[in-house]
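Here are some short exercises to work through with the model open beside you. Try each task before reading its solution.

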Amino acid sequence: MVDSRLGHWLKLLVSLMLLLKTQGLYVGITYVKSAVAKGAVCLDGSPPAYHWDKGFGTGINSWLIHFEGGGWCNNVTSCLSRKKTHLGSSKLMGQQIAFSGIMNNKRPFNPDFYNWNRVKIRYCDGSSFTGDVQAVNPATNLHFRGARIWLAVIEDLLPKGLKNAENALLSGCSAGGLASILHCDSFRALLRMGTKVKCLSDAGYFIKVKDVSGAPHVQTYFNEIVTLHGSAKNLPLSCTSVLKPSFCFFPQYVAPQVRTPLFILNAAYDSWQIRNILAPSIADPLGVWKSCKLDINNCSPLQLKSMQDFRLQFLNALNKSTNSSSRGLYIDSCYAHCQTETQEKWFMEDSPVLGKKKIAKAVGDWFYDRNPFQKIDCPYPCNPSCQNSGLAPPNNPEKKPPNGSAASVNMSTLLCGLLMLMGVMLP
């Protein structure tokens with residue numbers, strides 16, 4: 001019994017030490033105060049913000065610009081609620097956030113981008129950085145200026161070295177992954193000729209499908225977002241010139257026309273889309289899907305059938321977006337949402353694998369033109385490397401550890417505490 005308990009605590013100790021090692025560093029916030037005069041502000045009128053960890057060594061002239069995700073607001077009520085959070089006000093953002101996954105600054109955990117300039121643009125507009133309404137209702141004081149935020153942040157970064165970029169990757173997760181598709185070509189246009197520019201969308205390929213009740217819930221929802229935020233003029237003209245603007249919020253109608261090399265990373269059973277597009281609460285008033293949405297292992301045969309049908313619709317919506325050899329494609333069969341921001345999904349020993357490659361390796365090979373990557377996984381539950389909790393990463397763990405770094409945790413204190421705890425537990 002003693003040996004068993006000792007083994008348990010030693011495993012816990014190793015896990016904690018590995019967590020501290022892989023978590024990377026905490027990066028301070030930069031407020032773009034000059035943007036306020038341009039009307040480039042969050043929902044509540046506060047200045048936009050980003051976190052920047054400077055590149056070093058061979059990565060000093062390479063830039064990774066990453067959009068934060070966090071859903072949208074589609075009416076005045078939801079935007080008023082949102083502006084009371086860090087997703088609507090920079091006043092409520094933590095001063096520091098942890099950089100992990102594709103933002104990690106350690107080569108063993110982020111082999112191709114660890115020494116790049118890594119920037120996370122904070123999300124506080126609720127429109128995937130597409131909104132631009134000049135008028136502000138004094139009764140609500142809501143500002144719909146997402147597109148201005150995007151331009152203001154880039155304008156702030158250009159003189160700080162972005163204008164000299166040799167390599168540039170625009171990425172994002174969820175609503176940020178959608179933004180990386182919508183702004184992909186405009187990002188390339190903002191940089192100098194000769195810069196190697198590509199884009200990566202993580203869990204941003206939202207599809208236009210009906211929910212389990214047969215209602216076009218997400219189509220209505222996206223239409224309300226585009227209308228409220230005045231997004232139409234900031235969506236790609238190649239789409240809005242032939243389709244309704246709200247359709248152009250769906251990547252399936254935009255991605256085929258994107259000219260810049262684009263990598264689409266998505267779970268075929270995207271847990272956010274299953275929960276909010278396929279089986280939103282409004283379509284499931286009795287909560288029949290509740291347990292299934294929490295854990296795919298709890299799904300009934302009928303629910304699994306609906307999810308397999310969703311996968312087929314997802315692949316069909318994706319079909320025209322894979323029409324170029326410059327495209328990257330990593331569609332695994334995990335029940336997940338956002339796989340670049342968490343270390344365990346991006347690049348760890350037990351990270352998801354598709355075509356014998358982990359996500360970080362596939363993206364790196366594609367960016368540097370070492371090897372193309374376009375693979376679609378077999379249907380669930382065929383991939384044993386998936387971690388099918390379906391839980392998305394938390395929105396930026398906003399903490400301020402001593403001295404501003406995860407590495408500043410006193411390891412001896414941690415060890416002593418664990419050893420004391422082991423002493424209590426062991427007879």
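Two strands count as paired if DSSP finds at least two bridges between them. Keep in mind that this is a predicted model.

**Exercise 1. Work out the strand order of the open ten-stranded sheet, and find which strands stand at its edges.**

Solution. Step one: following the pairing across the sheet gives the order β4-β1-β2-β5-β3-β6-β7-β8-β9-β12, and the pairing is mixed. Step two: β4 (96-98) and β12 (374-376) each have a single partner strand, so one side of each lacks a neighbour in the sheet and these two are the edges. Step three: ignoring direction, neighbouring strands are turned by 20° against each other on average.

**Exercise 2. Describe how β8 is joined to β9, and name the helix that lies across them.**

Solution. Start with the pair itself: β8 (residues 262-267) and β9 (residues 328-332) run parallel and are joined by five bridges. Within this pair, L265 stands opposite Y330 of β9. Now add the helix: α11 (residues 301-318) lies across β8, β9 and β12, at about 175° to β9.

**Exercise 3. Decide whether W72 is buried or exposed, then trace its surroundings.**

Solution. First locate W72, in the loop between β3 (62-67) and α2 (76-82). Buried means under 20% relative accessible area; W72 has 7% relative accessibility, so W72 counts as buried. Next, W72 is among the residues touching the most other members of the largest nonpolar core, which has 79 residues. F249 touches W72, and its other contacts include F222 and L235. Although W72 and F222 are 150 residues apart along the chain, their C-alpha atoms are separated by 9.0 Å. Finally, the W72 side chain makes a polar contact with the side chain of S128 (2.8 Å).

Definitions and conventions
Residues are numbered from 1 along each chain as its sequence is written. This is a predicted model: local features need pLDDT of at least 70, side-chain atom pairs count only at pLDDT 80 or more; totals for chains, interfaces and linings use all residues. Side-chain values use heavy atoms; hydrogens and water are left out. A nonpolar core is a set of buried Ala, Val, Leu, Ile, Met, Phe, Trp, Tyr and Cys residues joined through side-chain atoms within 4.5 Å. Buried means under 20% relative accessible area, exposed over 50%, partly exposed in between (1.4 Å probe, protein chains only). Contact means heavy atoms within 4.5 Å. Helices (H or I, at least four residues) and strands (E, at least two) are DSSP runs, numbered from the N terminus. A polar contact is a pair of N or O atoms within 3.5 Å; within protein, one must be able to donate a hydrogen and the other to accept it, and residues adjacent in sequence count only if both atoms are side-chain atoms. Axes are lines fitted to C-alpha atoms, for helices over the stretch in contact, and angles run from 0 to 180 degrees between N-to-C directions. Lists of a residue's contacts leave out its neighbours within four places in sequence.
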